[in-house]
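Notebook open, structure loaded. I'm jotting down what I look up as I go.

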Amino acid sequence: MRRVQALVIGAGPSGLSVAYALQGDTLVLEKESDVGGLCRSIQHEGGVFDIGGHSFHTPHPEVFELVQELLPGGLFLQQRDARVYSHRTLIPYPFQKYFDRLPDPEVVRACEEGLRNARRDGPPPANFEEYILAKFGAGIAEHFMLPYNRKLWARDLKQISCDWTSERVAGARGEEERFETSGGKRRPLQPDTVVGYPRTGGFVEICRAFVPQIPALRLNTEVTRIDPHRRTATTADGRVYAWEFLVSTLPLPVLFRLIDGAPPELVQLTDRLEYLSLRVELLLTRRPLETPIQRIYCADPALPPHKIALNHNSSDHLRARPRHAIMAEVSVSPEKAVDPATIAPKTIEFLCDIGVLSSPDDIVWTGHVDVKYGYPVYTHGLARIVADLKEWLVQRHIYTLGRFGEWEYINSDRCIMKGLTLGRELRQRYPAEVVTA
């Protein structure tokens, strides 16, 4: 049995940053062969694929400065170039600001009229569908916002609350907005937002940059049992680790099923936490792409992906490679049927239609990655459920972090900030002599 003061499960941005802040007698266990979690990258024949489209942007100056310091060569910075495909044309992202560039005057007129008549001063919307209609009006809702979000969230939008919208949903045309780089409050991305990416390699390099700065890391090590009474964790290879406190980045339903003696009612409570699974289709091109576009968003239900990321436009280093990587993100849920065999051919056909590819022969390889836990869903009553679960855990010296450890729709920068904050708090709470600054 190995004894450590702090045991961290998961080597994504949350687990690595909390270990960075803790230092001292801290060990990180990761079941995969590399760090990164949802921020990992895959290389295939020169193509660099992230799991979905990733870029780095943050309202936390401390996080920006830390990543710049740790990352070899720092971040490559450029203006975001995202487009929306609607009514057979590409317009700048987001739709609600640029619908007037659509070629159909009737659609433009319907969006303008709906926006004028939107009931933004009425009673608070009860769900996400009502929010869209109240904020943008019937035209924008009908022609993009409702079909896109139904496609993305793969469920009835009435099931989703509005708790997260201020950080994610951009305002309509005429609303002055900007993405804040300070102040700690996330704002929706804008057309002129400057985003970052590792100067070389994939997005995972941000996570890899933390590894030399943390006390200890074991890869290929899956935790299969947690005993909160003895404060031990057992791994698939039979090793036992004793801990004073534990930080988990596992999805809450997974974590509670590993804990000996977890109350059945709490285990059942985790089953009420809804999530979105993803199939990420990977396309490798024969030659570099001749477009600056980084992201394409599409509401058309005939096209399986809701988002396509042209990953090699994330940095000049990737642009210079002889082959480029494209990721097509498709959401999956029991309420949304998707035929996996159609995703690659329909995506390739679409990319040819809009001129990103010259012909299907431009693609030399396809693959895919299935992600069970892709996005947490903000269902009604979510905050109360998570609070009850975390209260029980903290009483047993178990703390949770990350997108699914806290069931929050947060990006890597927020994961890092939360990891740094929790690590500092735990150093004060458990001031054993083995912990160093």
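**Entry 1: a tryptophan.** I started with Trp164, which is buried, at a relative accessible area of 7%. The cut-off for calling a residue buried is under 20%, so 7% qualifies. Worth keeping in mind: this is a predicted model. I looked up where Trp164 sits, and it's in the loop between α5 and α6 (165-168). Next, what does Trp164 touch, not counting residues up to four places away in sequence? I got Phe128, Trp153, Val169, Tyr378 and Tyr409. I also checked the C-alpha separation between Trp164 and Leu426: 27 Å, for residues 262 places apart along the chain.

**Entry 2: α4 and α5.** From that loop I went back to α5 (residues 128-153), which packs with α4 (residues 105-117). The axes are 5 Å apart and the angle is about 155°. Angles over 145 degrees count as roughly antiparallel, so that is how α4 lies relative to α5. On the α4 side I noted Val107, Ala110, Cys111, Gly114 and Leu115 in the contact. The α5 side brings Lys135, Phe136, Gly137, Ala138, Gly139, Ile140 and His143. Sorted by class, that contact has seven nonpolar, four polar and one charged residues.

**Entry 3: α2.** Which residues of α2 (residues 61-70) are buried? I found Val63, Leu66, Val67 and Leu70. They sit on the same side of α2, because they cover an arc of only 95° around the axis. That fits the textbook rule: an α-helix has 3.6 residues a turn, so residues three or four places apart point the same way. On the face turned away from the buried side I found Glu65 and Glu69, both exposed.

Then I asked what the buried residues of α2 pack against. The partners are α1 (13-22), β5 (75-79), α7 (205-208) and α13 (412-429). I followed up on α13: its axis and that of α2 come within 9 Å and cross at roughly 100°. The two helices are therefore roughly perpendicular to each other. In this contact α2 uses Glu62, Val63, Leu66 and Val67, while α13 uses Asp413, Ile416, Met417, Leu420 and Arg424. By class I have six nonpolar, no polar and three charged residues there.

**Entry 4: the sheet.** I moved on to an open sheet of seven strands, in the order β7-β6-β14-β15-β16-β13-β17, with mixed pairing. Its edge strands are β7 (89-92) and β17 (363-376), each pairing on one side only. I have the twist averaging 25° from one strand to the next. Helix α11 (residues 340-353) packs on the sheet, and its direction makes about 55° with that of β13 (275-285). Among the strands α11 touches are β6, β14 and β17.

**Entry 5: walking along the pairs.** Parallel or antiparallel? I checked β6 (residues 82-86) with β7: four bridges, antiparallel. Here Ser86 stands opposite Thr89 in β7. Four bridges also join β6 to β14, but these two run parallel, and the bridge partner of Val84 in β14 is Tyr297. From β14 to β15 I count three bridges, antiparallel, and Ile296 has Ile308 as its bridge partner in β15.

One last check on β14: both of its faces are covered. Arg295 and Tyr297 lie on one side, Ile296 and Cys298 on the other, and all are buried.

Definitions and conventions: Residues are numbered from 1 along each chain as its sequence is written. This is a predicted model: local features need pLDDT of at least 70, side-chain atom pairs count only at pLDDT 80 or more; totals for chains, interfaces and linings use all residues. Side-chain values use heavy atoms; hydrogens and water are left out. Buried means under 20% relative accessible area, exposed over 50%, partly exposed in between (1.4 Å probe, protein chains only). The arc is that of the directions from the helix axis to the C-beta atoms. Contact means heavy atoms within 4.5 Å. Axes are lines fitted to C-alpha atoms, for helices over the stretch in contact, and angles run from 0 to 180 degrees between N-to-C directions. Angles under 35 degrees count as roughly parallel, over 145 as roughly antiparallel, 65 to 115 as roughly perpendicular and the rest as oblique. Ala, Val, Leu, Ile, Met, Phe, Trp, Tyr, Cys and Pro count as nonpolar, Asp, Glu, Lys and Arg as charged, and the others, Gly among them, as polar. Two strands pair if DSSP finds at least two bridges between them.
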